[in-house]
Amino acid sequence: MEMNFFNHRVFLLTVLLPIVVILVEGQGTRVGFYSTSCPKVESIVSSTVQSHFKSDPTIAPGLLRMHFHDCFVQGCDGSILIDGPNAEKTAPPNQLLRGYEVIDDAKTQLESVCPGVVSCADILALAARDSVVLTSGASWAVPTGRRDGTVSQSSDANNLPGFRDTVDVQKQKFADKGLNTQDLVTLVGGHTIGTAACQFFSYRLYNFTSTGADPSINPAFVSQLQALCPQNGDGSRRIGLDNGSANKFDTSFFANLRDGKGILESDQRLWTDNSTKTFVQRFLGVRGLLGLTFNVEFGKSMVKMSNIGVKTGTAGEIRKVCSKVN
């Protein structure tokens, strides 16, 4: 009897473990993909991101956003990096992305060591992780093996999650990419670092309703924001998305949502909708709910996101220059 039970467990492990690995690592990507073909890839990308971060800390949130925007359009294939008059990077949601020079720098170094081996899509995925680490977030193992896409069209970026989206719209956009409600709240938590221009939220401060500002904003916070973003003022002025902690990867972003201090309307709605509020509360360790550790869950959700629509095997190409299709 004991022997049969043991054999049954071995059978289950033999059958199920490969399935688990596939689910975690996606269609052909795996941790250590370049371990023999370009063993220094992670250290080269990491040192490049660190070097640029020292002179310009804004590239950390910039690279994190860029990876997100890349994955939500045509999958994680580096198409956001391609230049062209109608390329993805020219679309309105992408026009303020920053950090392209970091990817170009890393690519140049990698081409000198391992020519034609490492994809631009993988460089971006690694750089996004390194950006989180540099802002005091936890690291995670990044599956690699993506190949670069050859198509980049601004019109394809129209369905990116937007700052006015309702929670239902946000959930649908994430679900379309195989991401659930917890992934949504977790990944939006990436707004714990970085800034937003006044033009993307100042409409919430003036004449939002017949009586004034968006009622979901803490009244005391409204006056602070109005001072920073005066009506008809400079729409390009940038404000921290995580009030009081815009340069540190932590859970204070969620505390700000609880306190009515979310900058973007789409972010604040995560607190006012019960289906997403629960996850915000769990990240905050609210008593009576099963707690979630943001740093751990963020890495898991990033791995899921980074496997959206990846091109592997013979699909796509390995670009020689990230801004140009071969």
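In which helix is His 69 found? In this predicted model, the residue sits in helix 3, which runs over residues 59-71. His 69 is worth a look, since the "active site" annotation in the unreviewed UniProt entry covers it. Its relative accessibility comes out at 13%, so with the cut-off for buried set at under 20%, His 69 counts as buried. Leaving aside residues up to four places away in sequence, His 69 touches Glu 88, Pro 93, Asn 94, Leu 97 and Leu 160.

Helix 3 holds another histidine, His 67. With a relative accessible area of 1%, His 67 is buried too. Again not counting residues up to four places away in sequence, its contacts are Cys 76, Leu 124, Ala 125, Ala 128, Met 302, Met 305 and Ser 306.

Then there is helix 7, made up of residues 181-188. Why does helix 7 count as largely enclosed by the rest of the structure? Because seven of its eight residues are buried. The buried set runs through Gln 182, Asp 183, Leu 184, Val 185, Thr 186, Leu 187 and Val 188. As for what surrounds them, these buried residues pack against helix 6 (167-175), helix 9 (252-258), helix 10 (265-272), helix 11 (274-283) and helix 12 (294-305). At the N-terminal end of helix 7, Asn 180 acts as the cap, with a side-chain oxygen 3.1 Å from the backbone nitrogen of Gln 182. Gln 182 is also one of the buried residues of the helix.

Key: Residues numbered from 1 in each chain as written. Predicted model: local features only at pLDDT ≥ 70, side-chain atom pairs only at ≥ 80, totals over all residues. Heavy atoms only, no water. UniProt positions renumbered as here; feature names shortened; annotations may be inferred. Helix = DSSP H or I, 4+ residues; strand = E, 2+ residues; numbered from the N terminus. Buried < 20%, exposed > 50% of the residue type's maximum accessible area, 1.4 Å probe, protein only. Contact = heavy atoms within 4.5 Å. Polar contact = N/O pair within 3.5 Å; in protein donor to acceptor, adjacent residues only side chain to side chain.
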